[in-house]
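Hello,

Here is the structure I promised to pass on to you. Have a look at it first, and then read on for what turned up when I went through it.

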Amino acid sequence: MGEISSRHPHLARTATGLFSTAAALLLASTGSTAAAAQQASNQPPRVVQLAENASCPFNSLCLYRDHGFNGPGYSIPAGYPTDLNNVPMPGGVGGSSTAANNVSSWINNTGYYVLLIDYEGEERTLYPGYSFEEPPETNDSVDAVDWRY
Ligand SMILES: [Ca+2]
Ligand SMILES: [Ca+2]
């Protein structure tokens with residue numbers, strides 16, 4: 001979190017404050033599946049794996065491995081900067097096992113601008129309330145997401 005907190009001190013504080021709630025919820029759901037165990041060990045605390053065919057929750061950014069909002073997907077709460085290298089997503093192109101360089105479709109179900117950041121390329125903006133299918137030029141390229149208000 002060091003890099004994030006230096007760039008966004010107020011966001012980092014918010015995330016830390018909410019972390020205890022998320023951890024408590026994880027501990028409370030003891031009917032744990034392999035996915036939940038993986039979630040507890042690896043993934044950023046507020047990034048949640050979507051159930052199959054689940055709709056994108058309100059006030060979240062949703063990302064999907066495949067086009068058409070298919071394949072493994074996650075929701076990220078509004079305002080939570082996320083390095084996709086920390087989000088497990090097996091079955092990616094070229095054998096990638098994280099969401100970095102793997103996402104093909106997005107749903108911005110928030111009122112905020114989302115920055116789609118490619119460490120090797122450009123930074124693009126996904127407008128509030130918009131969904132987006134990656135064109136061939138930028139498919140499987142985003143490494144991190146950040147937010148603008
Ligand atoms: Ca993909
Ligand atoms: Ca990239």
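**What I found**

In this predicted model, β4 and strand β9 (residues 144–148) run antiparallel and are joined by two bridges. If you want to locate that pairing on screen, look for Thr-82, which stands opposite Val-145 in β9.

Those two strands belong to an open sheet of four strands, with antiparallel pairing and the order β4-β9-β6-β7. Its edge strands, each pairing on one side only, are β4 (82–83) and β7 (123–126). Further into the sheet, β9 also runs antiparallel to β6, and five bridges join them. Tyr-113 is a handy marker here, as it stands opposite Arg-148 in β9. Strand β6 (residues 113–117) then pairs with β7 in the antiparallel sense over four bridges, with Ile-117 placed opposite Glu-123 in β7.

There is also an open sheet of five strands, again with antiparallel pairing, in the order β1-β3-β2-β5-β8. Here β1 (48–49) and β8 (131–133) are the edge strands, and each pairs on one side only. Strand β5 (residues 105–109) pairs with β8 in the antiparallel sense over three bridges, and Ile-107 sits opposite Ser-131 in β8.

Stepping back to the protein chain as a whole, there are three helices and nine strands. Along the sequence they follow the pattern α-α-α-β-β-β-β-β-β-β-β-β. Of the contacts with a separation of 6 or more, 61% are between residues 24 or more positions apart. Buried residues account for 28% of the 149 residues.

On to the interior. Nonpolar side chains tend to be buried together in soluble globular proteins. The largest nonpolar core in this model has 23 residues, and those touching the most other members are Leu-61, Cys-62, Leu-63, Tyr-74, Ala-99 and Trp-106. At least two residues of this core come from each of β2 (60–66), β3 (70–77), β5 and β6, and β2 gives the largest share, with four residues. Ala-99 is a good place to start looking: beyond its neighbours within four places in sequence, Ala-99 is in contact with Leu-63, Tyr-74, Leu-84, Val-87 and Met-89.

One more residue you may like to look at is Gln-43, found in the loop between α3 (34–41) and β1. Is Gln-43 buried or partly exposed? Gln-43 counts as partly exposed because it has 19 C-beta neighbours inside 10 Å, whereas a buried residue needs 20 or more. Setting aside neighbours within four places in sequence, the contacts of Gln-43 are Asn-86, Val-87 and Pro-88. Asn-85 is 42 residues away from Gln-43 along the chain, yet their C-alpha atoms are separated by 9.3 Å.

Finally, a word on confidence. The protein chain has an average pLDDT of 81, and 72% of the residues score at least 70. Over residues 1–40, however, pLDDT stays under 50, and the model has 21 contacts beyond four places in sequence for that stretch. Where pLDDT is low, the predicted coordinates should not be read in detail.

Happy browsing, and do write back with any questions.

Best wishes

Key
Residues numbered from 1 in each chain as written. Chains lettered and ligands numbered in written order. Predicted model: local features only at pLDDT ≥ 70, side-chain atom pairs only at ≥ 80, totals over all residues. Pairing = 2+ DSSP bridges. pLDDT = per-residue confidence, 0-100. Contact = placed C-beta atoms within 7 Å. Buried ≥ 20, exposed ≤ 12 C-beta atoms within 10 Å, placed from the backbone. Core = buried A, V, L, I, M, F, W, Y, C linked by C-beta atoms within 7 Å.
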